[in-house]
Every structure is written in C-alpha cells, then in structure tokens.
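Subject: Structure handover

Hello,

Here is the structure I said I would pass on. My notes on it follow below.

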Amino acid sequence: MPYARVNGNMLFYREAGDGPLALFVHGFPLDHSLWLDQLKGLAHVRRCVAVDLRGFGKSDPTVDPSLTMEMLADDLAGVIDALEADHADLVSLSMGGYVALALFELRPTLVRSLTLIDTRAAADTAEAGAARDALADRLLDRGRSVVATELIAGLLGRSPTRRAQARLRSMIEGTRYETFVAALRGMKERQDRTSLLSRIDVPVLVVGGQDDALIPVADIRAMAELVPRARTAIIPDAGHLPPIEQPDQLNQALIELFEGRKVVWWR
Ligand code: MLT
C-alpha cells in the first residue's frame, strides 16, 4: 500500500490515473475514502491522489495535542514533493479547505488550481470554539458511535441514501479518538484567512451543497465573491458532502475546471 514519509509520519494515500497531479484533501472527521468516486471518475484526466491527513485513516497515529492547519498544510507540501510533482490541483472539503488555504498562503507555487467545497475562510467564532470543546467532551464521555449518529444527521442532505450514511459512519467511527480531539483543537485555533481570498491568482472552483446545514449557500457565495477567478457550483440534493452525495455532478464540475471549460450550471 502506498505511503509517503513526511515530517516523521507515514501518510497513506490512494491513487488512480495518470497525468497532472490532483490532490484530494478530506474533511473532519473523515479520511481518503471520501474521494473514492472522484478517483474512479477522474482517473482519465488526472493522476488522482487522495491522502489520509496526519493521524487520520490509515496514516500514522499522532500524539500532537493540536493538529494545526499549518502543520497539515506542510504535510501536504511534503506529499506533493514525495510524489515528485511540481504542483497539484488541490481539491478540498471543509477542514480540508482550511488546510488548502493554509497551503496556498505558505507555498502558493504548489497550487495549480484550488477547489473549495463546503468550507470557509473565516476563523471560528467563540461560540463555534465552545461547541468544538463540547463535541470533544461528548466524544470522550459517550463514544464514537453516539457522536457519529449525531454528526451524520447534520452532515448529509435532506434525503440521504443508506449508502451515503454507511460510508460516512465508517469514516467517522474509523477516526481515532486522539485525532478527533486534536483536529477539533486545531480547527478551533485556526487563523482567519479571509484576506487571502483576494490574492488567490489560480483558477478556483467554489462548491456548495444546496442543503448544507453547516455552511449555508449564502456564505459559499459570499466567499466566492472575494476570489477574483472563482467559479461557483451549487449542487442540488446535497448537504455538506457532495463527493459522496452527488459524485457525478461534482466530477463534472471538476472536469470542467481542469479543462478550463465554462459550464451551464455555474451559479
Ligand atoms: C468538516 O467537514 O471538515 C468539518 O465540518 C469542518 C468544521 O467542523 O469546521
């Protein structure tokens, strides 16, 4: 199985296809398998690599008390280097988007295009930070299965398929407790990168699930407005996780980004 040794950790990745590198960065508390439909559907246009971030999935466990976005971004830079690529089309979801923005800030030349799915550039409010502490407490007191049930209800759209629910539960229940807690702390402490948006000078695709209960469509559009070269795709019948809820529509949007084509359903 493929691993990259980066910053002292073995990071797992799964790959499919040939050509320019596209690097897929999962959200919280998920893993590389979020992107299996993208690896299958985009292998004819890109060398698609879906990585497990530090501590997640099949990557090494971590004892870091906080998984900072900068630390995870530096890991991604190491993965791009280990894959012997000069740069990558970065496809990111939610927490993956926080990491992708940090990577663009730290190492902009590594990013050929940027896809931001159901994410935001702003930092946590005090209220959001307190909710993260409460989630960590519930996780440790009541266990992953209880928390998974709670999260599934909020992450998927209005009529989730049993398959999407099953995939999501596997990812959440497969996330180590210590990773869960450290990632919550890293997200709580993350920087506001709103001012970075106007400086992004590569093609950007901003995607929102029409029914995302965590990040409303209005927030997605407002973020896209701040990026000079952004296209926006709002995906119907999807919540926070279009890669597993509407994979074909997301893949189509990505192909159009990669090929520089204009599509009918942007915006
Ligand atoms: C995610 O999907 O990565 C999380 O919802 C992000 C967050 O909690 O801010």
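The expected span of a helix is 1.5 Å times one less than its number of residues. For the twelve residues of α3 this gives 16 Å, and the C-alpha atoms at the ends of the helix are 17 Å apart, which agrees. Please keep in mind throughout that this is a predicted model.

Overall fold

The chain has ten helices and eight strands. Its radius of gyration is 17 Å, whereas a compact globule of 267 residues would come out near 18 Å, so the two agree. Along the principal axes, the C-alpha atoms fill a box of roughly 50 × 40 × 35 Å. Of the 267 residues, 55% count as buried. If one takes the contacts between residues at least 6 apart in sequence, 76% of them join residues at least 24 apart.

Helix α3 and the core

In soluble globular proteins, nonpolar side chains tend to be buried together. Here the largest nonpolar core has 94 residues, and the members that touch the most others are Phe 24, Trp 35, Leu 114 and Ile 200. Helix α3 (residues 95-106) supplies the largest share of this core, with eight residues.

That helix is mostly covered, with ten of its twelve residues buried. Among them are Met 95, Tyr 98, Leu 101 and Phe 104. The elements that cover the buried residues of α3 include β3, α2 (69-82), β5 (88-93), β6 (111-117), α4 (126-142) and α7 (177-188). One residue of the helix also takes part in a charge-ring arrangement: the charged end of Arg 190 sits over the ring of Tyr 98, at 3.8 Å from the ring centre.

Aromatic pairs

A pair of aromatic rings is described by the distance of the centres and the angle of the planes. The structure holds three such pairs. I describe two of them here.

In the pair of Tyr 3 and Phe 12, the ring centres are 5.4 Å apart and the planes stand at 70 degrees; the cut-off for edge-to-face is over 60, so this pair is edge-to-face. Tyr 3 has a relative accessible area of 31% and is therefore partly exposed. Phe 12, at 4%, counts as buried.

The pair of Phe 24 and Trp 35 is tilted, with 5.2 Å from centre to centre and 50 degrees between the planes. Phe 24 belongs to strand β3 (residues 21-25) and Trp 35 to the loop between β3 and α1 (36-42); the two are eleven residues apart, and the pair links distant parts of the chain. Both Phe 24 and Trp 35 are buried.

Surroundings of the two Phe residues

What does Phe 24 contact, leaving aside its neighbours within four places in sequence? The list includes Trp 35, Gln 38, Leu 39, Leu 42, Cys 48, Val 91 and Leu 254.

Phe 12 is in strand β2 (residues 9-16). With neighbours within four places again left aside, its contacts include Met 1, Pro 2, Tyr 3, His 32, Asp 52, Lys 58 and Ser 59. Of these contacts, Lys 58 lies over the face of the Phe 12 ring, 5.1 Å from the centre. The C-alpha atom of Phe 12 is also separated by 9.8 Å from that of Val 79, a residue 67 places away along the chain.

Regards

Methods:
Residues are numbered from 1 along each chain as its sequence is written. This is a predicted model: local features need pLDDT of at least 70, side-chain atom pairs count only at pLDDT 80 or more; totals for chains, interfaces and linings use all residues. Side-chain values use heavy atoms; hydrogens and water are left out. Rings of Phe, Tyr and Trp (its six-membered ring) pair if their centres lie within 6.5 Å; planes under 30 degrees apart count as stacked, over 60 as edge-to-face and the rest as tilted. Buried means under 20% relative accessible area, exposed over 50%, partly exposed in between (1.4 Å probe, protein chains only). Helices (H or I, at least four residues) and strands (E, at least two) are DSSP runs, numbered from the N terminus. A charge sits over a ring if NZ of Lys or CZ of Arg is within 6 Å of the ring centre and within 35 degrees of the ring normal. A nonpolar core is a set of buried Ala, Val, Leu, Ile, Met, Phe, Trp, Tyr and Cys residues joined through side-chain atoms within 4.5 Å. Contact means heavy atoms within 4.5 Å. The radius of gyration is taken over C-alpha atoms; the globule rule is 2.2 Å times the number of residues to the power 0.38.
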